[in-house]
Amino acid sequence: MDSIIKYFPELTAEQIEKLSRLGALYQEWNEKINVISRKDMDHFYERHLLHSLGIAKVIQFKPGTKVLDLGTGGGFPGVPLAIMFPDTHFHLVDSIGKKISVVKDVAKQLKLSNIEAQQVRVETLVRRYDFVVSRAVTRFASMLPWVKGKFKKEDFNELQNGLLLLKGGDVDEEMEETRAGYITFHLEDYFQEEFFQTKKVVYVPWEGKR
């Protein structure tokens, strides 16, 4: 947790307490079902929590923002972001029911009333959001049809409504499979740990014409 507090000194005591409890909650769940790989569990705060919060270095969601976490798995990046932005509504979806069960339990244990977790295929959703976040779910070209029609037209955050994708490695080849404009934020500019040297947040403004 020390690195989280170092990089986010503005965290309240309540936020620190909730983030601190995540490790034990996921460890407990991991003993029942394999939510997080055993190897990664040893680096939980760096590879899952801090990685998810990389999005908070790119944008500060304004109160009332609605965010869809597509393919959330066990709740990343949605759960850490929901703790960071208590006045933002997060809709965490995944097609695998047991993973959504984990998310629901974690949200309940931490009293995260700004999280809604649902087992559903994203393409069937009819709601609209300000942002879609995702972490290593699929290639961007495959994701595009899923998110079409999912964005609100009005922008009120610092960034235009769009996608914020946590990705690793060389993203240019993947992103240029489509004609979408995008901006890459390198997490090594924000976090010193070696793990982040190849990690990025890719921001894709939603122009509404794709």
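Start by selecting R139, which counts as partly exposed at 37% relative accessibility (buried is under 20% relative accessible area, exposed over 50%, partly exposed in between, with a 1.4 Å probe and protein chains only). This is a predicted model, where local features need pLDDT of at least 70 and side-chain atom pairs count only at pLDDT 80 or more, while totals for chains, interfaces and linings use all residues. Residues are numbered from 1 along each chain as its sequence is written, and side-chain values use heavy atoms, with hydrogens and water left out.

Now add E177, also partly exposed, at 44%. The side chains of R139 and E177 meet in a salt bridge, 2.5 Å from N to O (a side-chain nitrogen of Lys or Arg within 4 Å of a carboxyl oxygen of Asp or Glu). R139 sits in the loop between β4 (131-135) and α8 (140-147) and E177 in the loop between α9 (172-175) and β6 (183-186), so the pair ties together parts 38 residues apart in sequence. Helices (H or I, at least four residues) and strands (E, at least two) are DSSP runs, numbered from the N terminus.

Next, go to helix α2 and pick E14 and K18, whose closest N and O atoms are 3.2 Å apart in another salt bridge. These two are four residues apart, about one helical turn. Which of them is buried? K18 is, with a relative accessible area of 13%, whereas E14 is exposed at 51%.

Stay in α2 for W29, which is buried at 16%. Leaving aside neighbours within four places in sequence, W29 is in contact (heavy atoms within 4.5 Å) with V35, S101, V102 and D105.

Follow V102 into helix α7, residues 97-109. Colour its buried residues: I100, V102, V103, V106 and A107. Seen down the axis of α7, they fall within an arc of 150° (taken from the directions from the helix axis to the C-beta atoms), so they line one face of the helix. They pack against α2 (13-30), α6 (78-84), β2 and β3 (115-119). Just after α7, look for K111, which takes a positive phi of about 55°.

Finish at D94, in strand β2 (residues 89-94). What is the nearest side chain of opposite charge to this residue? It is K99, 5.7 Å away, and D94 is buried yet has no salt bridge. (Lys and Arg count as positive and Asp and Glu as negative; His and the chain ends are not counted.) Instead, look at the backbone: the D94 side chain reaches the nitrogen of G73 at 2.8 Å, and one of its polar atoms lies 3.4 Å from the backbone nitrogen of T72.

Technical notes
A polar contact is a pair of N or O atoms within 3.5 Å; within protein, one must be able to donate a hydrogen and the other to accept it, and residues adjacent in sequence count only if both atoms are side-chain atoms. The expected span of a helix is 1.5 Å times one less than its number of residues.
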